[in-house]
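Below are my notes on the two-chain model, set out as numbered points. Please read them with the coordinates open.

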Amino acid sequence: MLKILKYSFFDLIRSRWSYVYFLFYLGLGSVLLFLNNDLAKAIITLMNVITILVPLIGTVFGVMYYYNSKEFTELLLAQPIKRSSIFIGQYLGVSLSLAMSLIIGLGIPFALYGLFQSNEIWDFGLLLINGLFLTLIFTALAFNIALYNENKIKGFSYAILLWLFMAVIYDGLFLMTLIAFQSYPLDGFSLVATMSNPIDLSRILILLKLDISALLGYTGAVFQKFFGTGLGLLVSILALSLWVVLPTLNMYRKSRKKDF
Amino acid sequence: MIQIEQLHKKFGKNKILEGVNLTIGSQGVFAILGPNGSGKTTLIKTILGMVIPDKGIVTVNENSIKTHWKYRDDIDYLPQIANFPANLKVRELIAMIKDLRNRQGNDERLISLFKLQPFLSKKLGNLSGGTKQKVNLVLTLMFDSPIIILDEPTTGLDPIALLHLKQLIAEEKEKGKIILITSHIMGFVEEIADEIVFLLEGKVYFKGTIDTLKTQMETSNFEQAIASLLTYENA
């Protein structure tokens with residue numbers, strides 16, 4: 001598996017898109033820091049960008065990589081390599097190269113700005129951990145979608161729909177439910193609803209850490225009240241890990257039964 | 001040694017293989033023939049473990065393909081469509097496959113045979129179809145495995161490369177290997193194959209030497225024999 005990971009990784013970090021992605025974060029980080037001159041504000045803006053953009057890039061790159069390397073995967077399948085190693089290796093190759101673009105792209109401007117001397121280093125670290133989680137989650141979901149759909153166009157549409165649903169529609173539905181059932185106690189419901197969306201979850205994770213109650217919103221407030229900041233962080237990190245593990249397990253299961 | 005018993009496979013409602021029984025025990029070149037969609041590639045891919053059978057047993061050198069993925073170490077496979085990661089260079093791909101298989105290959109000889117030296121540091125995405133097929137052949141034939149499976153090996157090859165391919169197949173045969181080939185080019189099949197396996201409607205319809213087929217169909221022309229095999233069925 002490590003060999004497959006290595007090759008997928010090197011294949012991807014040499015592609016033009018990895019550089020574009022890297023340069024985007026480099027530019028964004030530099031602009032935010034050096035024009036804004038406020039580390040805390042920059043982190044919040046980046047959070048908003050990361051929670052939307054990372055899932056999008058993760059899903060699109062994930063399905064794209066899977067479909068593009070289909071024939072190559074077939075070549076690998078005929079080699080004496082375990083099936084699941086091929087897919088898990090490719091998945092980790094894609095997600096780690098994406099995560100690396102993100103971490104290095106944002107890391108350079110922040111390091112130059114003097115992050116290591118400031119107190120915000122943990123907030124920034126958490127932001128990057130979040131980015132890593134979101135990349136892992138959405139690339140895994142994308143690989144699942146691609147494994148289930150032979151048709152490229154269908155796979156692509158489902159991937160985009162998944163992103164749209166998680167990033168935009170979900171919040172709308174959630175909000176409408178809250179309004180419609182406002183006369184009922186909704187704490188439990190909103191806790192569950194937040195945990196079933198990794199994007200919401202990661203947003204709350206950062207806001208809990210930053211301790212900005214104004215931005216927490218209803219769900220964040222419930223989260224904080226229910227778990228407290230420390231436990232809240234732990235629970236959301238656990239839930240995010242579950243979001244990585246479950247799709248990966250399904251990928252493992254599905255890849256063993258699939259025909260090529 | 002490849003043994004296939006009662007192999008069934010369907011894709012959706014489309015039944016491709018309906019009880020294929022096939023034993024390939026001795027060395028030699030076996031051509032798997034049949035009309036389009038008769039299941040040639042599916043059969044090959046089942047042997048390789050790429051297609052999971054619905055029913056039936058497939059063993060390669062006494063290893064059941066279901067559990068022992070290492071049996072693929074004994075097989076060299078040439079896929080039908082050669083498509084490789086576009087960002088890799090030819091040299092890197094060859095090194096990578098060697099690394100993945102943990103084996104040394106005699107790629108040098110094949111590279112000079114197919115005159116691929118000028119392409120070694122080019123990216124695979126920039127190669128023509130025929131050159132890609134040559135790279136594909138190098139990747140397949142550089143290992144010395146006891147079983148070789150070639151799916152449409154002639155696609156896109158120029159006449160000289162085709163000549164080299166025939167020589168290579170003959171050489172491998174001399175070494176006592178089992179070689180499975182699918183092709184639609186009957187002249188090629190007639191020239192190199194010892195036995196043919198004819199698939200029709202999901203079953204092995206004919207298995208035997210070309211001469212047996214010719215006498216059975218009462219014709220001296222191989223192409224005609226195949227054609228009458230098809231009409232014979234429909235008559």
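1. In this predicted model, chain B contains an open sheet of four strands, ordered β2-β1-β4-β5, with antiparallel pairing. The edges are formed by β2 (14-24) and β5 (63-64) of chain B, each of which pairs on one side only. Strands of a sheet pair through backbone hydrogen bonds, either parallel or antiparallel.

2. Inside that sheet, strand β1 (residues 2-11) of chain B runs antiparallel to strand β4 (residues 55-60) of chain B, and five bridges join them. To check the register, start from B:H8, whose bridge partner in β4(B) is B:K55.

3. Chain B as a whole has eight helices and ten strands. Its C-alpha atoms fill a box of roughly 55 × 40 × 35 Å along the principal axes. Does the radius of gyration of chain B, at 18 Å, agree or disagree with that of a compact globule? It agrees, because a compact globule with 235 residues would have a value near 18 Å. Of the 235 residues of chain B, 40% count as buried. Among contacts in chain B with a separation of 6 or more, 67% are between residues 24 or more positions apart.

4. One position in chain B can serve as an example of a long-range approach. B:L230 sits in helix α8 (residues 222-234) of chain B. B:L230 and B:G34 are 196 residues apart in sequence, yet their C-alpha atoms are 8.9 Å apart in space. Is B:L230 buried or exposed? B:L230 has 14 other C-beta atoms within 10 Å, so it falls in between and is classed as partly exposed; a buried residue would need 20 or more, and an exposed one would have 12 or fewer.

5. Chain A has ten helices and zero strands. Read from the N terminus, its elements are therefore simply α-α-α-α-α-α-α-α-α-α, helices being the DSSP runs of H or I. The C-alpha atoms of chain A occupy a box of roughly 55 × 50 × 30 Å, taken along the principal axes. For 260 residues, a compact globule would have a radius of gyration near 18 Å, and the 19 Å of chain A agrees with this. In chain A, 42% of the 260 residues count as buried. Residues 24 or more positions apart supply 81% of the contacts in chain A with a separation of 6 or more.

6. A helix pair in chain A deserves a look. The axes of α1(A) and helix α5 (residues 83-113) of chain A come within 7 Å and cross at roughly 35°, and the crossing is right-handed. On the α1(A) side the residues are A:I4, A:L5, A:S8, A:F9, A:L12 and A:I13; they meet residues of α5(A) that include A:I86, A:G89, A:L92, A:G93 and A:L96. By class, the residues of this contact of α1(A) with α5(A) are nine nonpolar, six polar and no charged.

7. The last point is the interface. How many residues of chain A are in contact with chain B? The count is 19 residues of chain A, facing 21 residues of chain B. On the chain A side, the elements that give two or more residues are α1 (2-13) and α4 (70-77). The largest share, five residues, comes from α4(A). By class, the side of chain A that touches chain B has eight nonpolar, three polar and eight charged residues.

Note on methods: Residues are numbered from 1 along each chain as its sequence is written. Chains are lettered from A and ligands numbered from 1 in the order in which they are written. This is a predicted model: local features need pLDDT of at least 70, side-chain atom pairs count only at pLDDT 80 or more; totals for chains, interfaces and linings use all residues. Two residues are in contact if their C-beta atoms, placed from the backbone, lie within 7 Å. Ala, Val, Leu, Ile, Met, Phe, Trp, Tyr, Cys and Pro count as nonpolar, Asp, Glu, Lys and Arg as charged, and the others, Gly among them, as polar. Axes are lines fitted to C-alpha atoms, for helices over the stretch in contact, and angles run from 0 to 180 degrees between N-to-C directions. A crossing is left-handed if the near helix is turned anticlockwise from the far one by less than a right angle, and right-handed if clockwise. Two strands pair if DSSP finds at least two bridges between them. The radius of gyration is taken over C-alpha atoms; the globule rule is 2.2 Å times the number of residues to the power 0.38.
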